[in-house]
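Hi,

Here is the structure I promised to send over. Have a look at it first, and then read on for what turned up when I went through it.

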Amino acid sequence: MNMENLICFRALKIDDFDSVLKWSLDNAFCLANGWEVDRSEDELYSWWLRCVNNESADFVRLGVQLKDKLIGYVDLADIKNNRAELGIAIGESQLWGRGIGTSTILSFMQYASEKYGITTFDAETHEGNSRSKKMLEKIGFVEISRVGIEEYLGIDNQLIQYCFDFYAQVP
């Protein structure tokens with residue numbers, strides 16, 4: 001099944017909060033994405049409201065919808081000079097390991113290239129996040145540095161920075 005045809009991107013809605021609340025109750029998701037475990041519903045709602053109403057010129061976050069269900073979000077940060085940092089969170093942890101993240105990133109990179117003119121994508125993950133590293137490398141991201149330490153799954157981890165340049169990928 002070609003996931004790329006089933007995935008779409010859309011504006012975040014306040015009505016998505018039920019999905020976000022469900023994700024916040026999944027400890028595996030929270031630990032993998034740096035979300036506070038046992039986060040208060042009020043604080044989570046305030047955060048989601050800020051996500052929905054974001055009006056930043058250099059940051060875009062969109063919902064990832066699979067068929068008719070919101071399953072996560074993608075974002076572009078620090079957008080400038082046809083370059084942006086790429087982010088993804090698949091909130092439905094039972095979907096992890098099925099290629100959905102890879103399909104989502106590939107579709108989103110195409111979307112971001114067409115809509116925002118992005119030709120160079122940066123990404124960052126933790127050394128211990130083998131799924132994320134595997135996905136980025138499978139797509140063609142190249143490790144460019146190892147700067148910084150951050151907690152991942154409760155353990156301090158080396159941060160790894162990656163880059164993908166559409167022009168460098170052309171044979």
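A quick definition before the strands: two of them are said to pair if DSSP finds at least two bridges between them. Also keep in mind that this is a predicted model.

**The strands, in order**

With that in hand, start at the N-terminal end. Strand 1 (residues 7-10) is joined to strand 2 by 4 bridges, and the two run antiparallel. If you want one pair to click on, I7 stands opposite L66 in strand 2.

Strand 2 covers residues 59-66 and is mostly covered, with 7 of its 8 residues buried. On to its partnership with strand 3 (residues 69-80): the two run antiparallel and are joined by 8 bridges. R61 has D75 as its bridge partner in strand 3. The hairpin of strand 2 and strand 3 leaves 2 residues between the strands, and K67 there takes a positive phi near 55°.

Strand 3 then goes on to strand 4 (residues 83-90), again antiparallel, with 7 bridges joining them. K80 stands opposite R83 in strand 4. This hairpin also has 2 residues between its strands, and here it is N81 that takes a positive phi, near 50°.

What about strand 4 and strand 5: parallel or antiparallel? They pair in the parallel sense, over 3 bridges. R83 turns up again here, with T120 as its bridge partner in strand 5.

One thing to remember as you look along any of these: in a regular strand, side chains alternate between the two faces of the sheet.

**Two residues in strand 5**

Strand 5 spans residues 120-126, and D122 is one of its residues. Is D122 buried or exposed? The cut-off for buried is under 20% relative accessible area, so D122, at 18% relative accessibility, counts as buried. Which side chain does D122 make a polar contact with? The partner is the side chain of R83, at 2.7 Å. Leaving out neighbours within four places in sequence, the residues in contact with D122 are R83, A84, E85, L86, F141, Y162 and C163.

H126 lies in strand 5 too. Its relative accessible area is 11%, so H126 is buried as well. Not counting residues up to four places away in sequence, H126 touches K133, E150, E151, Y152, N157, Q158 and L159.

**Helix 1 and what covers it**

Now the helices. Helix 1 (residues 17-24) packs against helix 3 (residues 41-52) at an angle of about 130°, with their axes 11 Å apart. That angle makes helix 1 oblique to helix 3. The crossing of the two is right-handed. On the helix 1 side, the residues involved are F17, V20, L21 and S24, and they meet E41, L44, Y45, W47 and W48 in helix 3.

Helix 1 is mostly covered, with 6 of its 8 residues buried. Which ones are they? F17, S19, V20, L21, W23 and S24 are the buried ones. What covers them includes helix 2 (27-33), helix 3 and strand 3.

**Helix 4 and helix 5**

The other helix pair to look at is helix 4 (residues 100-116) with helix 5 (residues 130-139): their axes come within 10 Å and cross at roughly 45°. That makes helix 4 oblique to helix 5, and their crossing is right-handed. The contact is made by G101, T102, I105, L106 and M109 of helix 4, together with M135, K138 and I139 of helix 5.

Finally, I100, which is found in helix 4. I100 is buried, with a relative accessible area of 3%. How far apart are I100 and L6 in sequence, and how far in space? They are 94 residues apart in sequence and 10.0 Å apart in space, C-alpha to C-alpha.

If you only open one spot, try R83: the R83 side chain makes the polar contact with D122, and R83 is also the bridge partner of T120 in strand 5.

Cheers

Conventions:
Residues numbered from 1 in each chain as written. Predicted model: local features only at pLDDT ≥ 70, side-chain atom pairs only at ≥ 80, totals over all residues. Heavy atoms only, no water. Buried < 20%, exposed > 50% of the residue type's maximum accessible area, 1.4 Å probe, protein only. Polar contact = N/O pair within 3.5 Å; in protein donor to acceptor, adjacent residues only side chain to side chain. Contact = heavy atoms within 4.5 Å. Axes fitted to C-alpha atoms, helices over the stretch in contact; angles between N-to-C directions. Parallel < 35°, antiparallel > 145°, perpendicular 65-115°, else oblique. Left-handed = near helix turned anticlockwise from the far one by under 90°.
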